[in-house]
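This report looks at selected charged pairs, at one chain-to-chain contact and at the confidence of the model. Please keep the sequence and structure in view while reading.

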Amino acid sequence: MRTRARHGIVRVLSQHAFLIIICLAALYPLWFIASTALRSNAAYQLDPTGFPSHPTLGSLRNMLFHEPLPRWMWNSFLVTISSVAVSTFFALLAAYAAVFGRFRGHSIFVSTSVALMVVPPVTLLVPMFVFMVDSGLVNHLQSVIIFYTGLLVPFAIFFMSGFFRTIPGELIEAASSEGAGPFTVFRRIVLPLSGAASFTLIVVQAIWVWNELLIALVFLQNEGSRTLMAGLTQFQGRFVTNEPLVLAGALLSILPVVALYLSGQRFFVRGLTAGIGK
Amino acid sequence: MAFAFGFPLVQVVRDSFYAGNFSAPIYVGLANYRGVLSDPAFHQSILDNMKLLLTVPIMLGLGLAIALVLNDRIRGGRHYQSVVFLPYVLPATAIGIAFSFLLQERGVLNTSLRRLGLGGLAQDWLGNSHLAIVSVGGVVVWQQLGFAVVVFTAALLALPPETAEAARIDGAGWWQLQLRVLVPQIRPIIELLAVIQVITVISWVFNYVYVLTAGGPGFSSSVMELYIWRSFSNGSDGTAASVAVMLLGMASVLIGLSLWVRRQTAAQ
Amino acid sequence: MSLKRALAILGAAVVLSAAVFVTAAMSKTAANDPNNAKLTYWYWAESDAPGANKWLKSEVALYEKSHPNVKISVVIQSTDTLTSAFTTAAQTKTGPDIATQWATLPTLTPAWSGATVPISDYVPKSEWKNWISTAENMWDGKLWAMPQYLIGIPFVWNKQLFKKAGLNPNVGPKTWAEFLADCKKLKAKGITPFGMGNQDGYGGAWFFSLIGKQNLNSINELKAAMIGTQDFANAKFSGFYQLLVDLKKNGYLNSDVASISFGQGFQLFGQKKVAMSWGTDGNVAQWEGQVGAKNMGVGAIPIWGHGKLSTSYDVTQSSDAFITKWSKNPEAAAQFLVFLHSPQALKAWYKATGVFPADKRFPASLVTDPIAKQLLKLDQSPVSVWPENFVPPQVDQNADLAGGEQITSGSASPAAVVKLWKSQLSQWKSQHPDEYAAYKKWATGH
């Protein structure tokens, strides 16, 4: 019995050790970004691994006031809100119609969505670029908003229809037998129930759009319309000998996401695993 | 949806048959495809995507190990999980830039290794053409690991406790319990996640490669997405389109796979 | 689905999209407003001439003060995306009014495809005949871009480190054999002999331009190799790669040459971490401040080859400024560019960067620093050519830069890199038949 207990302790300790190592590895790069952003360039060049013994807000201030970073952050913000809103709205309606509607081929519709989820956006890049140039939308935020919305919709439909399928058919039957039209059913029953799922969907999509790089690089090349991620890569090239400045930009781009994460972890986790479960 | 996908999909096939300036395209038939197929940079790009596939078993294995440990109702499990999941939500671009500094030959990782006396392990992570794609893979694993952990943890939690209890009563040791009882029960989830990660490393790694190595040195860490982007930014739209068509072909094969796996999972 | 419901959905979707578009439109960039004389200038020069960005900022401020209805926004470009960013912008037919590219091929290629306008259409000859090195950007009888400065690339050495290794600090290596001998002695004393950064390929490209040309008798031979009438596999074009391989093998380069960028590589000499390097006149001016004028020797690049070009120097305008075809106000753009050649601007430029302006009216009497005088003398060499300017940009990126990266990372042999050049040349020809035809016409006259 005693050996069993000792094995137990050894096992628990080694489990903790294992997890702690993993966590350190997960956190170190973040620490590196934050600590380097707070050091002066001279200090960094002398010793990249050093602890920020004389932290300075210089790089952060530079980023916020002398570089277009706030403008780019605002662009990213606009693009994220617009494309996620349209996509979610559309997905709610489409998924509702697919799951509860009685139109032929609704299962094909959902399967198509699943299939389209896997198409790499880069394959659509060239024709979409040509289209945007011809319609004069290139370098305007509308171009990426349109493209992102189109890309987000398949996953959104897939996710929402998966959720709607969990709503018991009896609820719908009961409401429609009382004479409620389909739109009323949607508004009074389905919509309130899908609050949490919708929120999760919104969060997942928002992260995707916020982090997207390739499309933003191609469609938004003017300094005024760039998004945050594309802008960060600009910094990487422009300030190649000033790592603290570049990492200050990286830090500022991470902070909103981290804040969102810390305040709503459950939704992150649930959102990304819900699709799996279905 | 028809607009966002249908029209470009048709158009990209058409574009792949032209060369020259895109405002004055010249029809060249299959010449773009022939050119691409004989380009060593293209071969290397496919090869690198394949190399990145090797990260999938690592990610799954490590993720599984962490999830199993967390599943043991370890104290503070929820906190560990939050930390492990954090990298996944961070912007790949910002992370990639940080790693591009960390992994330089005189950067933080190597300096620390040398200080610890492990100088022999210090490599030119980004400048050695054999290691460049490995480094990219490392960053991909670092970020994607949290996702695997969370999925597996949720799956393990959803398992009926009776099977595990029965095994414990039967005298199964810890390892036996994990490997012989728990893991097989969540096999469909593992397979599904494998398919998802395979798709990820084929079509969603541009961010990492672009900021870590830009495909270098030479093109030893180029991937298909980067090849398309490079062709496009050199004005060779026809070439970019032809590679896009080929990438689409590869992705379609994987779509078929994923649908098949899902059908298997649903059947169970 | 009832008709009423369908209409309701459609209506809601339309309203929502309209709202989205309106919000997005409200954040339109100012450059699209047709009623203001606003100019966007995509600028690059800091890598050649540290201090350039600050100079341009102050010139813009001065100009805007005296021209209150003109607003100029400067967008600094990165070295590794300088060409590709403009190529992509040219495809959108929107973007900057004024842009920067490196001279000759990178400037003429967009000109050939109709993306730029000749600056000689907007600036009178009486003005531009004062600019130096305009021949680099002439085509079809017109001048397509304005030179701003001239740089040579001298060879430099750290006198203190030379002394430490037992070498004569006042004599730099004149031949490659002398250079290798110096490297050996320096390495024996634990000093890194030569410093450069090649993660982004520009270190290798400089090798091509400084050493690779030395077995040629004229740059026309290189042009012929580009269009295929001569074979790039001929040792006179590509033999130099073996030198780079040997440098790496013998440990004469800094150990992180393959993982630090070109710009980072320039820091090494100034931080006294390496004994020898090469750099632009602007880099040399910056190093003077860090290493000390008394401690630095400058001279021509060591001679290795046997062609007539082995004794040529490498002065070029490097980067230039041109006006784009879609600019709404080319006259305003030209006027600002001419302002950058005013006596005040030229003096301020020299003061800020130590690099010589590309203007005959710049008084040489202003050059007083002894090292600068040496640089000026080198820059006045009778024959000067920078081969990279004659390589089509796509081939430069995919063969010159990529090949050099492969060499310094040890992943390819010189023979493999030659193969790469040839395959990229044939790809360029098949992917851009129009560019190829234009180049051929420009190079050979037909």
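## A salt bridge in chain C

C:Lys422 counts as partly exposed, because its relative accessibility of 35% falls in the range between under 20% for buried and over 50% for exposed. Its partner, C:Asp231, is likewise classed as partly exposed, at 39% relative accessibility. In this predicted model, the side chains of C:Lys422 and C:Asp231 form a salt bridge with an N to O distance of 2.8 Å. This pair connects distant parts of the chain, since C:Lys422 belongs to helix α18 (residues 414-431) of chain C, while C:Asp231 sits in the loop between α9 (219-227) and α10 (235-238) of chain C, 191 residues apart.

## Salt bridges in chains A and B

Over all chains, the structure holds 11 salt bridges. One of them joins the side chains of B:Glu105 and B:Arg114, at 3.3 Å from N to O; here B:Glu105 is buried, with a relative accessible area of 9%, whereas B:Arg114 is partly exposed at 38% relative accessibility. Through shared partners, salt bridges link B:Glu105, B:Arg106, B:Arg114 and C:Asp256 into one network.

In chain A, the side chains of A:Glu223 and A:Arg226 meet in a salt bridge of 2.8 Å, N to O. A:Glu223 counts as buried because its relative accessibility is 16%, under the 20% limit, and A:Arg226 also counts as buried, at 7%.

## The contact between chains A and B

Chain A and chain B each bring 75 residues to their contact, and together they bury about 6,800 Å², of which 82% lies on carbon and sulfur atoms. On the side of chain A that touches chain B, helix α1 (residues 2-37) of chain A supplies the largest share, 16 residues. The residues on this side of chain A comprise 59 nonpolar, 12 polar and four charged.

No salt bridges are found across the interface of chain A and chain B, although six residue pairs are in polar contact there, with both residues of each pair at pLDDT 80 or more.

## Confidence in chain A

The average pLDDT of chain A is 83, and 91% of its residues score at least 70. Within chain A, confidence is highest in helix α11 (residues 214-219) of chain A, at 91, and lowest in helix α14 (residues 265-277) of chain A, where the mean is 62. Where pLDDT is low, predicted coordinates should not be read in detail.

Methods
Residues numbered from 1 in each chain as written. Chains lettered and ligands numbered in written order. Heavy atoms only, no water. Contact = heavy atoms within 4.5 Å. Buried area = accessible area lost by both parts, 1.4 Å probe. Salt bridge = Lys/Arg side-chain N within 4 Å of Asp/Glu carboxyl O. Polar contact = N/O pair within 3.5 Å; in protein donor to acceptor, adjacent residues only side chain to side chain. Helix = DSSP H or I, 4+ residues; strand = E, 2+ residues; numbered from the N terminus. Nonpolar A, V, L, I, M, F, W, Y, C, P; charged D, E, K, R; others polar. pLDDT = per-residue confidence, 0-100. Buried < 20%, exposed > 50% of the residue type's maximum accessible area, 1.4 Å probe, protein only.
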